[in-house]
Amino acid sequence: MKYYLLFFTAAYAVSTILFAVISTLLNLPGSTGMAPLLAVGFLTSWQFVKREQRIPTPEEKKTLIWGSIASTFVVSFVLVAVVVMATMSIQDVMTVLKGVPAWIWLVAFSFVILIEYFILHMSFGWYAKTCLKSLENKKRLN
């Protein structure tokens, strides 16, 4: 699982930066935060099926989902820290953080985790099955 979690982390970091740059350059409204997650979740699932020639077991799927969620938080924290250090002072950051009640942070993080879980569950479940069917059809044609 370590390979796939490292693969996910690297791909997520690169795709998040690319999506942010593209959306900034094109002045796209709204957030594109879930697009990299969906793309990288599908890419990692495809990589797993291609290398292992099977879908993840329930235990592997659980590890992949929760490891990937942890990875998104680490990558996001690092990227936000870099941007904040480049654009804001520590006092400004503390003012913003203190201005939001803890329960709102809890609700926001819970909502993000729920959405990420759904996307990654779909990636390592339904999409992995789709990739395996495609791989089997390709083998059958050859």
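These are my notebook entries on a predicted model of a helical protein.

**Overall layout**

I started with the secondary structure. I counted five helices and zero strands in the protein. From the N terminus on, the order reads α-α-α-α-α. I then took the box around the C-alpha atoms along the principal axes, and it came to roughly 60 × 35 × 25 Å.

Next I looked up burial. Of the 142 residues in the protein, 26% are buried. The exposed surface of the protein is about 9,500 Å², and carbon and sulfur atoms supply 73% of that area. I also checked the sequence range of the contacts. Taking contacts between residues at least 6 apart in sequence, I found that 84% join residues at least 24 apart.

**Helix α1**

I went to α1 next. It spans residues 2-25, which is 24 residues. How far does α1 reach from its first C-alpha to its last? I got 35 Å, close to the 34 Å expected at 1.5 Å a residue. Just after α1, I noted that N27 takes a positive phi of about 55 degrees.

Which residues of α1 are buried? My list is Y4, F8, A11, Y12, S15, T16 and S23. An α-helix has 3.6 residues a turn, so residues three or four places apart point the same way. I kept that in mind while reading the list. I then looked for what covers these buried residues of α1, and the cover includes α2 (34-52), α3 (58-87) and α5 (102-141).

**A nonpolar surface patch**

I turned to the surface. V14, I17, L18, F19, V21, I22, L25, L26 and L28 make a nonpolar patch of about 830 Å². I picked I22 for a closer look. I22 is found in helix α1. Why can I22 belong to a surface patch? Its relative accessible area is 44%, so I22 is partly exposed and passes the 30% cut-off for patch residues.

**Nonpolar cores**

I looked inside next. The largest nonpolar core has 14 residues, and F8, Y12, L37 and L120 touch the most other members. I asked which helices each supply at least two residues of this core. They are α1, α2, α3 and α5. There is also a second, separate core of five residues, and I noted V49, A128, L132 and L135 among them.

I followed Y12 further. Which residues does Y12 touch, not counting those up to four places away in sequence? I found G33, P36, L37, V40, T72, V75 and S76. Y12 is also on my list of buried residues in α1.

**The salt bridge**

How many salt bridges does the structure hold? I found one. The partners are R54 and E60, whose side chains meet at 2.7 Å, N to O. Side chains of opposite charge can pair when their charged atoms come close.

I compared the exposure of the two partners. R54 has a relative accessible area of 29%, so I recorded R54 as partly exposed. E60 lies in helix α3. Is E60 buried or exposed? E60 counts as buried because its relative accessibility is 16%, under the 20% cut-off.

I finished with the surroundings of E60. Leaving aside neighbours within four places in sequence, I found E60 in contact with M1, F48, R54 and I55. R54, the salt-bridge partner of E60, is thus one of its contacts as well.

Definitions and conventions. Residues numbered from 1 in each chain as written. Predicted model: local features only at pLDDT ≥ 70, side-chain atom pairs only at ≥ 80, totals over all residues. Heavy atoms only, no water. Helix = DSSP H or I, 4+ residues; strand = E, 2+ residues; numbered from the N terminus. Expected span 1.5 Å × (residues − 1). Buried < 20%, exposed > 50% of the residue type's maximum accessible area, 1.4 Å probe, protein only. Contact = heavy atoms within 4.5 Å. Patch = residues over 30% accessible without salt bridge, like charges linked within 9 Å, V, L, I, M, F, W, Y side chains within 5 Å. Areas by Shrake-Rupley, 256 points an atom, 1.4 Å probe, with all protein chains shown as cover. Salt bridge = Lys/Arg side-chain N within 4 Å of Asp/Glu carboxyl O. Core = buried A, V, L, I, M, F, W, Y, C linked by side-chain atoms within 4.5 Å.
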